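Q: I'd like a close look at how one part of this model is put together, beginning with how strands sit side by side. Please walk me through it slowly, as I'm new to this.

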Amino acid sequence: SRSRPSGRFDWETLEQELLLARGPGGSPPPSLRNYAFQPEKNAVRVIVAAPRAGPADHLGIGGSAKRLQSERRSIYRERGLDPGLLDRHGSRLVRVIGDLVVVDIPLYEAVPLARDLEKRGIASSPSRVFQAAASQLPLDAALPRDNARSTARAAAAATRPAPYLGGQFLPLSSPEVAEAGHEDSYRRMDLQSLWKLSEGRGTTVGVIDSGIDASHPDFQGRIAEYVDFTGEGLEDVQGHGTHGEGTIGGSGVASGGQYRGVAPQTRFLVAKVFGRNEEASLDTILAAMRWMGERKPDVLNLSFGDKGLDPNQDPLGFLANQLVVKDGILVVSPAGNTGPGFETINTPGNARYVLTVSGVDKDGKFPFFVSQGVVKDKSGGRYNKPDVTAISGGVFVPSEPGLLERMLSAVWGGEPQGCAYAPGVVAARSAADPDTRCALAGNPRYRTLSGTSMAANMGSGAALDVIGYAKGRGIKPRPAEVKAVLQETAVDAGHPREMQGAGLIQGRRLAQAVQERIERGLPIGNVAYMLASRAVTRLDRPALKAQTRYRETPLGLLDVKTGHLVRTEGEMATVMKRLRRREKLTASRPSI
């Protein structure tokens with residue numbers, strides 16, 4: 001099936017906003033505030049779902065901008081679009097990804113273009129903007145009920161929120177606390193046992209983020225390819241990417257091995273999509289994902305997200321699923337930081353085939369911000385997410401009266417008072433990262449960060465260790481098998497599946513299972529278990545109990561009538577559809 005723009009954009013509301021406006025302004029109309037608007041050009045980036053795909057993508061990186069403009073008319077025709085129509089509205093071709101044509105349009109031409117396209121049965125939408133980490137937390141989520149919120153809101157309104165989990169969480173920490181959090185976290189997941197498996201040797205991980213500090217000692221000789229999609233250059237000015245790559249597979253050489261990643265011998269493919277403004281448009285991320293798909297890393301890590309997007313409609317989830325199913329790449333994504341309510345999993349973590357990772361702090365407790373499942377789509381489908389849990393780190397919210405307001409003032413109006421991300425995950429720090437508060441005392445090559453992005457990075461590292469061991473024995477496991485074995489060997493901490501998935505990744509159990517199964521010539525993961533874990537939600541249990549044909553077992557969903565486990569996506573989809581229709585399903589064979 002074909003991908004679509006980001007759902008149906010409300011062009012009518014934008015038209016009304018423009019009619020009421022008194023001429024062009026420097027800020028976007030309200031309906032465009034979460035989309036790619038260029039105030040200096042008074043232009044909006046629009047994704048057009050063309051009638052067909054062409055013979056090749058045009059990702060718009062390197063020196064291809066002039067070539068795209070010179071070839072734009074033939075590119076439009078290849079995809080079934082009218083070049084005269086797009087030129088008439090002042091479009092500038094940015095990139096082409098499959099059947100998605102991305103153009104920059106003058107703001108006051110955007111609605112007329114959308115109307116003209118709609119008359120031809122062609123959908124279009126502005127390109128959404130994503131944050132550099134798995135969504136920001138609402139400020140109110142960090143405020144105890146007994147504190148006056150007006151002071152915090154006023155302070156927040158005066159400045160842009162800090163990136164990632166940001167200045168909302170007020171810094172009461174020390175390097176000693178940060179280091180203790182790191183050691184406790186790695187011990188809790190028993191990474192020492194996992195490192196004995198392979199350390200990710202022979203694998204490649206793709207990372208789409210804010211880049212990588214290629215000069216950092218922890219990555220020397222292991223960056224296979226690094227491409228900038230922002231046009232700003234290769235410096236990682238945010239540091240989120242470098243920290244993520246350090247968590248996944250930093251060698252730890254700059255710390256004497258103390259702060260090594262989960263797969264310290266993997267190689268890196270890096271796409272920089274987040275620049276100085278901490279944002280990336282959807283089309284830029286899609287282009288980077290297609291670039292990764294051409295290179296086929298073993299694992300693709302996507303530590304960013306957005307809320308409220310349908311996993312079966314949005315092209316980000318569509319492409320993530322495609323990379324897993326068609327290209328054989330295990331895609332890993334955070335659950336998100338927009339919890340704690342149910343049904344708050346972010347995209348692309350809400351995509352069906354992605355390995356979605358939630359997070360706990362160093363004590364094994366879920367921070368209040370962690371997103372939860374289940375996932376529902378607009379077609380009426382539902383399934384469990386997250387899949388597993390790793391270490392996200394935590395944040396500290398003070399309860400002393402008046403302390404919150406004093407710290408807010410320090411963060412947003414005065415001198416910084418420490419790191420907001422401790423006890424968190426310690427990993428490599430980019431030399432270009434301006435945040436020195438979270439750098440470790442005595443070793444500024446490392447810093448702390450917290451959030452489900454960090455947990456996803458750990459999940460990617462664990463998967464690389466599994467894949468590295470298998471590849472070393474001549475086996476290339478399918479993404480579904482790797483996902484399955486991570487789930488099967490996770491430690492159930494007694495939380496609902498919507499919160500923890502199968503549980504916390506556990507290195508010793510994971511290493512033992514992979515070694516034993518490969519030695520016995522078995523698949524490394526039980527896909528039937530993975531399918532049942534995802535498909536049977538809490539909402540389905542009454543229907544499951546009301547029939548006799550299918551039964552949940554520790555190995556998966558058993559078809560009592562045939563004596564076989566449900567082992568394929570198609571069969572599981574059929575079973576769940578019948579259960580949700582409340583069909584009468586019995587284990588006995590019909591009499592003749």
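**Strands side by side, and what surrounds them**

A: Let's start with a pair of strands: strand 7 (residues 204-209) and strand 11 (residues 299-301) run parallel, and 3 bridges join them. One bridge you can find for yourself starts at V205, whose partner in strand 11 is V299. Keep in mind that this is a predicted model, where local features need pLDDT of at least 70 and side-chain atom pairs count only at pLDDT 80 or more, while totals for chains, interfaces and linings use all residues. Residues are numbered from 1 along each chain as its sequence is written, and side-chain values use heavy atoms, with hydrogens and water left out.

A quick word on terms: strands (E, at least two residues) and helices (H or I, at least four) are DSSP runs numbered from the N terminus, and two strands pair if DSSP finds at least two bridges between them.

Now zoom out a bit. Strands 7 and 11 belong to an open sheet of 7 strands, in the order 8-9-7-11-12-13-16, with parallel pairing. At the edges you'll find strand 8 (223-228) and strand 16 (388-391); each has a single partner strand, so one side of each has no neighbour in the sheet. Going from one strand to the next, the twist averages 25°. Such angles run from 0 to 180 degrees between N-to-C directions, using axes fitted to C-alpha atoms (for helices, over the stretch in contact).

Follow the chain around strands 13 and 16 and you'll meet some unusual backbone spots. Most peptide bonds are trans, and most residues other than glycine have a negative phi. The bond from G373 to V374 is cis, with omega near 0°; V374 sits in the loop that links strand 13 (355-360) with strand 14 (375-376). The bond from K385 to P386 is cis too, again with omega near 0°, and P386 is in the loop between strand 15 (382-383) and strand 16, that edge strand from before. Another oddity is D190, which isn't a glycine but has a positive phi of about 55°. Look for D190 in the loop between helix 6 (175-188) and helix 7 (191-195).

For a contrast with that parallel sheet, look at the open sheet of 3 strands, ordered 20-21-22, where the pairing is antiparallel. Here strand 20 (550-553) and strand 22 (564-565) are the edge strands, and each has a single partner strand, so one side of each is left without a neighbour in the sheet. Strand 20 is joined to strand 21 (residues 556-559) by 4 bridges, and those two strands run antiparallel. One of these bridges takes T553 to its partner G556 in strand 21.

A helix comes in here as well: helix 16 lies across strand 21 and strand 22, and runs at about 100° to strand 21. Helix 16 (residues 527-535) also goes past helix 18 (residues 569-580): their axes come within 11 Å and cross at roughly 35°. Where the two helices meet, helix 16 brings L531, A532, R534 and A535, and helix 18 brings E569, M572, M576 and R580. Contact here means heavy atoms within 4.5 Å. Sorted by type, the residues of this contact are 5 nonpolar, no polar and 3 charged. In that sorting, Ala, Val, Leu, Ile, Met, Phe, Trp, Tyr, Cys and Pro count as nonpolar, Asp, Glu, Lys and Arg as charged, and the others, Gly among them, as polar.
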